[in-house]
Amino acid sequence: MTLQEYDYARESPSKLAASCLLLALTMKNLGGWTPTLEYYSGYSAQDLHPLVKRLNFLLTYQPCDKLNAVRSKYSHRVFFEVAKVTPMDMLKLEETLTSS
């Protein structure tokens, strides 16, 4: 989804990927950012927090019905319907990120 948004073009691809992983781990309650993830990604959890919040905001407040192909594609069972996953509440996300 970030490919369709100019605001994310200035982010490094590795930081964007790491932030997406941290958001997914948080959304699915699969644990936090481990020392191993920090070592191999080169990013601490604190480095990723602002971008994680922006990504969740992107999921929460989706743009109008234009550019719907990505959402439609990832709404299918073949892709585990990840586009249908409910975004986290912004306050709960903030609380989860700051507690880890």
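Contact here means heavy atoms within 4.5 Å, and the views below show a predicted model.

**View 1. The largest nonpolar core and the helices that supply it.** Of the 16 residues in the largest nonpolar core, those that touch the most other members are Tyr8, Leu22, Trp33, Leu48, Val52, Leu55 and Leu93. At least two residues of this core come from each of helix H1 (13–27), helix H3 (45–60) and helix H5 (90–99), and H3 gives the most, with six residues. In soluble globular proteins, nonpolar side chains tend to be buried together.

**View 2. The surroundings of Trp33.** Trp33, one of the core residues that touch the most other members, is in contact with Ala18, Leu21, Leu22, Glu38, Ser41, Tyr43, Ser44, Ala45 and Leu48, when residues up to four places away in sequence are not counted.

**View 3. A nonpolar patch on the surface.** The patch is formed by Tyr74, Val78, Phe79, Phe80, Val82 and Val85, which together have about 580 Å² of accessible area. Val82 is placed in the loop between helix H4 (69–73) and H5, and Val82 counts as partly exposed because its relative accessible area is 46%, a value between the limits of 20% and 50%.

**View 4. Met1 and its contacts.** Met1 belongs to the segment before H1 and is partly exposed, at 33% relative accessibility. Leaving out residues up to four places away in sequence, Met1 touches Leu58, Leu59, Gln62, Val70 and Arg71. A separation of 28 Å lies between the C-alpha atoms of Met1 and Pro35, which are 34 residues apart along the chain.

Conventions:
Residues are numbered from 1 along each chain as its sequence is written. This is a predicted model: local features need pLDDT of at least 70, side-chain atom pairs count only at pLDDT 80 or more; totals for chains, interfaces and linings use all residues. Side-chain values use heavy atoms; hydrogens and water are left out. A nonpolar core is a set of buried Ala, Val, Leu, Ile, Met, Phe, Trp, Tyr and Cys residues joined through side-chain atoms within 4.5 Å. Buried means under 20% relative accessible area, exposed over 50%, partly exposed in between (1.4 Å probe, protein chains only). Helices (H or I, at least four residues) and strands (E, at least two) are DSSP runs, numbered from the N terminus. Patches are made of residues with over 30% relative accessible area and no salt bridge: like charges are joined within 9 Å, nonpolar side chains (Val, Leu, Ile, Met, Phe, Trp, Tyr) within 5 Å. Accessible areas come from the Shrake-Rupley method with a 1.4 Å probe; for residues, only the protein chains shown count as cover. A salt bridge is a side-chain nitrogen of Lys or Arg within 4 Å of a carboxyl oxygen of Asp or Glu.
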